[in-house]
Amino acid sequence: MYTNILVPVSFEEDRNVKAALEVAQALGSAGRKITCVHVVEQLPVYATEFVPAAHMETARSELNASLQSLVADIDNAHAVVIDGSAANAILQFAETHGADLIIMASHRPGMADYLLGSTAARVVRHATCAVHVIR
């Protein structure tokens, strides 16, 4: 069983985050830790002038509140909002924090995913720990 489980969270409708959290609880050993993480992609510098100054702070606060509510009823679980490119940030967080399992909710891939690769596909290819993808 696993002791340090990372569950990346996307708030898109077609992602089954609740199922990912259920699997994390089922695969975790006694005393396991579950970390839910949401990645905030940074706006390009040229776009920042079109966004109100407090927008990113407000969005980050709302994302954190949503994550906190997801883990509120799960023992030894916490939530973190991080910055970066989704796949790279997830992989770096997993490595830095010693995750032994990443559980990701993913969508059914479309043609763009076959050509460019989805976040889940990149994580599966490059993770140094086990990865479980939920569809």
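Visitor: Where is Glu41 placed in this structure?

Guide: In this predicted model, Glu41 has its place in the loop between β2 and α2. When reading a loop residue, one can look at its accessibility and then at its contacts. Glu41 counts as partly exposed, because its relative accessible area is 46%, and buried would require under 20% while exposed would require over 50%.

Visitor: Which residues is Glu41 in contact with, leaving aside its neighbours within four places in sequence?

Guide: With those neighbours set aside, Glu41 is in contact with Met56, Gly84, Ser85 and Ala86. For one of these partners, Ser85, the two kinds of separation can be set side by side: Glu41 and Ser85 stand 44 residues apart in sequence, while their C-alpha atoms are 5.6 Å apart in space.

Visitor: What span should helix α2 have, and how far apart are its end C-alpha atoms?

Guide: Helix α2 covers residues 55–71, and because each residue is taken to add 1.5 Å, its 17 residues should span 24 Å; the end C-alpha atoms are 25 Å apart, which agrees.

Visitor: Which residues of α2 are buried?

Guide: The buried residues of α2 are Leu63, Leu67, Leu70 and Val71. They lie on the same side of α2, because the arc they cover around the axis is only 85 degrees. The face turned away from that buried side carries Glu57, Glu62 and Ser69, which are exposed.

Visitor: What covers the buried residues of α2?

Guide: The covering elements include α1 (17–27), β2 (28–40) and β3 (77–83). A loop residue also reaches some of these positions: Phe11, which lies in the loop between β1 and α1, touches Leu63, Leu67 and Leu70 as well as His38 and Ser66, when residues up to four places away in sequence are not counted.

Visitor: Is Phe11 itself buried, exposed or partly exposed?

Guide: Phe11 is partly exposed, with a relative accessible area of 39%. In the loop between β1 and α1 one also finds Glu12, which is partly exposed with a relative accessible area of 45%. As for distances, the C-alpha atoms of Phe11 and Asp73 are separated by 19 Å, with their positions 62 residues apart along the chain, and those of Glu12 and Ser106 are 9.8 Å apart, although the two residues are 94 residues apart in sequence.

Visitor: How should I read the packing of two helices?

Guide: Two packed helices are described by the angle between their axes and by the distance between those axes. Here helix α3 (residues 86–96) packs with helix α5 (residues 119–126) at an angle of about 35 degrees, and their axes are 9 Å apart. The crossing in which α3 passes α5 is right-handed.

Visitor: Which residues make the contact of α3 with α5?

Guide: From α3 the contact is made by Ala86, Ala87, Ile90 and Leu91, and from α5 by Thr119, Arg122, Val123 and His126. Sorted by character, the residues of this contact divide into five nonpolar, two polar and one charged.

Visitor: What do the buried residues of α3 pack against?

Guide: They pack against β1 (2–8), β2, β3, β4 (101–105) and α5. The residues in question are Ala86, Ala87, Ala89, Ile90, Leu91, Phe93 and Ala94, which are buried in α3. Asn88, by contrast, also lies in helix α3 but is exposed, with a relative accessible area of 52%. The C-alpha atoms of Asn88 and Leu63 are 19 Å apart, and the two residues are 25 residues apart in sequence.

Visitor: Where do positive phi values occur, and what are they near?

Guide: One case is Gly98, which follows α3 and has a positive phi near 65 degrees. Another is Asn76, a residue other than glycine, whose phi is positive and near 55 degrees. Asn76 lies in the loop between α2 and β3, and this residue is partly exposed, with a relative accessible area of 47%.

Technical notes. Residues are numbered from 1 along each chain as its sequence is written. This is a predicted model: local features need pLDDT of at least 70, side-chain atom pairs count only at pLDDT 80 or more; totals for chains, interfaces and linings use all residues. Side-chain values use heavy atoms; hydrogens and water are left out. Helices (H or I, at least four residues) and strands (E, at least two) are DSSP runs, numbered from the N terminus. The expected span of a helix is 1.5 Å times one less than its number of residues. Buried means under 20% relative accessible area, exposed over 50%, partly exposed in between (1.4 Å probe, protein chains only). The arc is that of the directions from the helix axis to the C-beta atoms. Contact means heavy atoms within 4.5 Å. Axes are lines fitted to C-alpha atoms, for helices over the stretch in contact, and angles run from 0 to 180 degrees between N-to-C directions. A crossing is left-handed if the near helix is turned anticlockwise from the far one by less than a right angle, and right-handed if clockwise. Ala, Val, Leu, Ile, Met, Phe, Trp, Tyr, Cys and Pro count as nonpolar, Asp, Glu, Lys and Arg as charged, and the others, Gly among them, as polar.
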